[in-house]
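Biologist: Got a minute to go through this one with me? I'd like to know what stands behind each label we put on it.

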Amino acid sequence: MKRREVLGTALAAPSLFLAGCAGGTGLAAGSASTASHAQITVLYDAFGRDPALQKDWGYAALVESGGKRILFDTGNNAQVLERNAKARDIDLSRLDFVVMSHRHGDHMGGMSYLLARNPKVQIYAPKEGFGVYGSDLPSTFYRKDPSLAPEERYYGGTPPDKMMFGTAWPQANITLIDKTTALAPGIHLIALVSDKPGTLELRELSLALDTPDGMVIVVGCSHPGIDNIVKAAAAINPKILLVAGGFHLVVAKDPEIDTIAATLHDSYSVGYVAPGHCTGEPTFTALKKVFGDRYLYAGLGSTLALGPMPHAVRASGPTTPRGLSDDDAQGYHALLVASNERRQGLFANLQRASSAGGAYLAAQWRRSMVGCC
C-alpha cells in the first residue's frame, strides 16, 4: 500500500520521549510528558513494520498525556514486552500508574516484567468476584444456618465483615475498580461489564483522557462493546477525538462490523480511529472506508501523536503506512491461529487430567478464556 503524508507536524524522535522523566510511582509522580508530547506508543501487537520489535498476539501501549505516563496492559509474554520496551527505549520503571483492562492472558502476560522493573507502581484493575487481581466480598454474600454446630459453620459462625480473596500478584500495588472513576483531572477509567455471549459478566476497564481537543479513549479488547464504551465516555465529554486499541470484532460478520463502523462515525462523531489487536482484518478494511484519512495505522511500534489532528509518526518522520501490507495481514492471521491453537491445547491438557478436579479446572479455564482476544 502506498504511503501517504499525514496531517500535522511530526513530534520529536521516540528516543526523546523519556528525556528528563522523573521517577516515582502513583498519581503524584512527576514526568516530562507535557501537552506537546501527548502520545500513544504501541508496545505489543500482532502486526507492525519495525523489525526490532517482536510481534505476538496481545496488547500493550504507553500513554503519555496530561503530564502522566501510563502503561495500558502488558501484552501476552513478559520476554516479548521486555524486548519491545527496550527496542523503543521505554523504561517501565518510570510510570505514574498502570491500567490492566481485563483478566485475559494476552493482556496481563507481561506483568512479571513490569513488576521486576517497577514493583511498587500503582496498578488499576477491574474488580471481579474471586478475580485474578484479587477481590473482597461482605460476608453477607452467603446464607447462614445458625442451627449447625460451630465446627460445621464457616469461620465457626462468626465470619469477618469483609472477606478478602487472593491475587496472582500478592506483592503488587493493585487497586480494584468497579465503577467509572476519575483518577486525576482529565483522566478517567470507564468500567463496564460484558453482556456478550462467551464473555458474559467479564469486567473491563478502558482509559479515557479528557483533553482540550476532545476525549481520547484507549481500549484493550472492548468486550462490553466498543459502542458502549464510547457511549460511556461521551457522557463525560461528547466530543470523541480518538479511539485506539482492540475493538473485539476479530470474528464478527460483515453486517455487525458495518453497523459498528457507522455507529462510531455517525452516531458518536468519532474524529479518528486507530484500531489494533482484536479489531480484525475485515474491520480494519471497513473502518478505513468509513473514516478515510482519519483512520490511523497503529501497528506494533507506532506512535500516535495526540492533539487537534492526531496522526501517526515514526522516528524518521511524519509519514506512515495507512493499513496492513500483505506481510502484515499474513502475520496477523498466523498469530491469531497460533493463539487459538495454544488455548485449545491448554484446554485439552487440562481435560485429559484423570481427576474430577482436573476436569473441573479445565471447565473453569474454558469459561474464563472463551472469547479472549
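Modeller: Let's start with L242, keeping in mind that this is a predicted model. Beyond four places in sequence, L242 touches I40, M215, V216, I217, Y272, V273, A274, L296 and L306.

Biologist: What makes those residues count as touching L242?

Modeller: Contact means heavy atoms within 4.5 Å, and L242 has such contacts with each residue on that list, I40 and L306 included.

Biologist: And which residues have the most contacts inside the largest nonpolar core?

Modeller: I40, L207 and L242, in a core of 32 residues. There's also a second, separate core with 28 residues, among them V219, I229, A252 and Y297. As background, nonpolar side chains in soluble globular proteins tend to be buried together.

Biologist: Why is Y297 called buried?

Modeller: The cut-off is under 20% relative accessible area. Y297 has 4%, so it's buried.

Biologist: How many aromatic pairs are there?

Modeller: The count comes to eight. F47 and Y297 make one of them, 5.8 Å centre to centre with 80° between the planes.

Biologist: Why is the pair of F47 and Y297 called edge-to-face?

Modeller: Two checks. Centres have to lie within 6.5 Å, and planes over 60 degrees apart count as edge-to-face. With 5.8 Å and 80°, F47 and Y297 pass both, so the label is edge-to-face.

Biologist: What does that pair tie together?

Modeller: F47 lies in the loop between strand 2 (39-44) and strand 3 (60-65), while Y297 is in the loop between helix 6 (281-291) and strand 16 (303-305), so the pair ties together parts 250 residues apart in sequence. F47 is buried too, at 2% relative accessibility.

Biologist: Then what makes Y133 and W169 a stacked pair?

Modeller: Their planes are 25° apart and their centres 5.7 Å apart. Stacked needs an angle under 30 degrees, with centres within 6.5 Å, so Y133 and W169 qualify. Y133 sits in the loop between strand 6 (122-126) and strand 7 (135-138), and W169 in the loop between strand 8 (162-165) and strand 9 (173-177), 36 residues apart. Both Y133 and W169 are buried.

Biologist: Which rings are linked into a cluster?

Modeller: F130, F141, Y142, Y154 and F165, through ring pairs. Y142 also has the charged end of K144 over its ring, 4.0 Å from the centre.

Biologist: D136 lies in strand 7. Is D136 buried or exposed?

Modeller: Buried: D136 has 16% relative accessibility, and the cut-off is under 20%.

Biologist: How do you know that D136 and K127 make a polar contact?

Modeller: Their side chains are joined at 3.2 Å, and the limit for such a pair of N or O atoms is 3.5 Å. Leaving out neighbours within four places, D136 is also in contact with K162, M163, M164 and F165.

Biologist: And P238, in the loop between helix 4 (226-234) and strand 14 (240-246): why is P238 called exposed?

Modeller: Exposed means over 50%, and P238 has 63% relative accessibility, so it gets that label.

Biologist: What about the whole protein: what share of the residues is buried?

Modeller: Buried residues make up 51% of the 373. The accessible surface comes to about 16,400 Å², with 54% of it belonging to carbon and sulfur atoms.

Notes:
Residues numbered from 1 in each chain as written. Predicted model: local features only at pLDDT ≥ 70, side-chain atom pairs only at ≥ 80, totals over all residues. Heavy atoms only, no water. Core = buried A, V, L, I, M, F, W, Y, C linked by side-chain atoms within 4.5 Å. Buried < 20%, exposed > 50% of the residue type's maximum accessible area, 1.4 Å probe, protein only. Phe/Tyr/Trp six-rings, centres within 6.5 Å; stacked < 30°, edge-to-face > 60°. Helix = DSSP H or I, 4+ residues; strand = E, 2+ residues; numbered from the N terminus. Lys NZ or Arg CZ within 6 Å of the ring centre and 35° of its normal. Areas by Shrake-Rupley, 256 points an atom, 1.4 Å probe, with all protein chains shown as cover. Polar contact = N/O pair within 3.5 Å; in protein donor to acceptor, adjacent residues only side chain to side chain.
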